[in-house]
Amino acid sequence: MHRVVALVRSAQPAFELGCAIEVFGTKRPGIPEHYAFELCTETPGPVPTTGGYEMSVSQGLSALTTADTVILPGWLPVEEPLSDPVRRALLRAHARGARLVTICSGVFALAGTGLLDGRAATTHWARAEQLRREFPRVRVEPDKLYVDHGDVATSAGAGAGFDLCLHLVRNDHGAAYAGLLARHMVLPPHREVGRTPCAPPSAGEALNGLSEWADERLGTPLSVGDLAAHLGVSTRTLARRFADRLGTSPGAWILSRKVAAARNLLEETDLPVEAIATRVGLASAVNLRRRFRAQTGTTPGAYRQEFRNPRSG
């Protein structure tokens, strides 16, 4: 079992903690359990929450010594610096290989460790400027739903905590398992890592259901020109919208959709790699293997072996 420990404090943001509990700490009938979820705090005992109730937390910082993932589900007030014991505990957990994850304002605590210096991070758009002022060595990207570096990951507003947590589940146990979990919570299994929905959007930048339209046509020779024509804009305008809203190019976006579709087919079907390559519009097994390894760091065969859904056999 992957051990997830949430570090809470007074006054603990209730919704942010709820995101972590729902994804990692809630048992659901018919869904395999891959995570063990626990709470800890610097001084064990009653911990007030922003919801007006108190939690009784029995574990101290020693709980972080064996955590696989440490979650900082909010940090209020954000101006309050880390205590030396908390800073040392987080740095020790990171040094031995634990994954450190923040939701919304939790990024202020992680930034206080220095682990985000020189790296991109995100938070709620309303706190982005404050994060820049207090931690100028952090590259703040408030338009991203989440930013994942592997060893550390940050999410934007509280709702984006669900997106980040499901993204981590998808990386840990595959798209099918993450999708099953998301469906049980009545959430979308994956949202684009682009402009956060709560941030003020630029005029005319909506992508108007492009994901669904493109996914239905992945097996065809889908081009950037096709995307632009569907939206009724020029390819230059399309490129600008993608850069502003999603932080990527239309071509890279199409490729990511193809690889994501290939991941699902590897998990859910017995189709050979050549057939999957054709179905997702990557033409050949050689091309699929090259593109797949570039985006996932592994081969289609190794991915299928690790994340194969036994119910599809």
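This report walks through the sheet, a hairpin, two helices and some salt bridges of one structure. Keep in mind that the model is predicted.

**The sheet**

Let's start with the open sheet, where six strands line up in the order S2-S1-S5-S6-S10-S9, with mixed pairing. Strand S2 (35-40) and strand S9 (146-148) sit at the edges, each pairing on one side only. Going from one strand to the next, the twist averages 15°.

For a closer look at one pairing, take strand S6 (residues 99-103) and strand S10 (residues 152-155): they run parallel and share three bridges. Threonine 102 has threonine 154 in S10 as its bridge partner. Helix H1 (residues 14-24) packs on this sheet and touches strand S1 (2-7), S2, strand S5 (69-73) and S6. The direction of H1 makes about 155° with that of S2.

**The hairpin**

Strands S3 (residues 45-48) and S4 (residues 54-57) are antiparallel and joined by four bridges. Valine 47 faces methionine 55 in S4. The two strands form a hairpin, with five residues between S3 and S4. Glycine 52 is in that turn and has a positive phi of about 90°.

**Helix H2**

Now for helix H2 (84-95). Its twelve residues should span 16 Å at 1.5 Å a residue, and the end C-alpha atoms are indeed 16 Å apart, so the two values agree.

Which residues of H2 are buried? They are Val86, Ala89, Leu90, Ala93 and His94. Viewed down the axis of H2, these buried residues fall within an arc of 130°, so they line one face of the helix. Arg92 and Ala95, on the other side of H2, are exposed. As for the partners, the buried residues of H2 pack against S1, S5, S6 and S10, and those four strands are part of the six-stranded sheet. After H2 comes glycine 97, with a positive phi near 110°.

**Helix H12**

Helix H12 (residues 285-296) can be read in a similar way. Here too the expected span for twelve residues at 1.5 Å a residue is 16 Å, and the end C-alpha atoms are 16 Å apart, which agrees.

The buried residues of H12 are Ala285, Asn287, Leu288 and Phe292. Around the axis they cover an arc of only 150°, so they end up on the same side of H12. On the other side of H12 you'll find Val286, Arg290 and Ala294, which are exposed. And what covers the buried residues of H12? The cover includes H10, helix H11 (273-279) and helix H13 (300-307). Just after H12, glycine 297 takes a positive phi of about 80°.

**Salt bridges**

Side chains of opposite charge can pair when their charged atoms come close. A search of the whole structure turns up eleven salt bridges. Among them are the three in this table.

| Arginine | Acidic partner | Closest N to O |
|---|---|---|
| Arginine 3 | Glutamate 38 | 2.7 Å |
| Arginine 9 | Glutamate 80 | 2.7 Å |
| Arginine 257 | Aspartate 215 | 2.6 Å |

The pair of arginine 3 and glutamate 38 links strand S1 to strand S2, across 35 residues of chain. Arginine 3 is buried at a relative accessible area of 14%, whereas glutamate 38 is partly exposed at 22%.

Why does the pair of arginine 9 and glutamate 80 tie together parts that are 71 residues apart in sequence? Because arginine 9 lies in the loop between S1 and H1, while glutamate 80 lies in the loop between S5 and H2. Arginine 9 counts as buried, with 11% relative accessibility, and glutamate 80 counts as partly exposed, with 39%.

The third pair joins two helices: arginine 257 is in helix H10 (residues 250-268) and aspartate 215 in helix H7 (residues 210-215), so parts that are 42 residues apart in sequence are tied together. The relative accessibility is 14% for arginine 257, which counts as buried, and 37% for aspartate 215, which counts as partly exposed.

**One more glycine**

Finally, glycine 209 is found in the loop between helix H6 (175-184) and H7. Is glycine 209 buried or partly exposed? At a relative accessible area of 43%, glycine 209 is partly exposed. Its C-alpha atom is 9.5 Å from that of leucine 231, a residue 22 positions away along the chain.

Key: Residues numbered from 1 in each chain as written. Predicted model: local features only at pLDDT ≥ 70, side-chain atom pairs only at ≥ 80, totals over all residues. Heavy atoms only, no water. Pairing = 2+ DSSP bridges. Axes fitted to C-alpha atoms, helices over the stretch in contact; angles between N-to-C directions. Contact = heavy atoms within 4.5 Å. Salt bridge = Lys/Arg side-chain N within 4 Å of Asp/Glu carboxyl O. Buried < 20%, exposed > 50% of the residue type's maximum accessible area, 1.4 Å probe, protein only. Expected span 1.5 Å × (residues − 1). Arc of directions from axis to C-beta.
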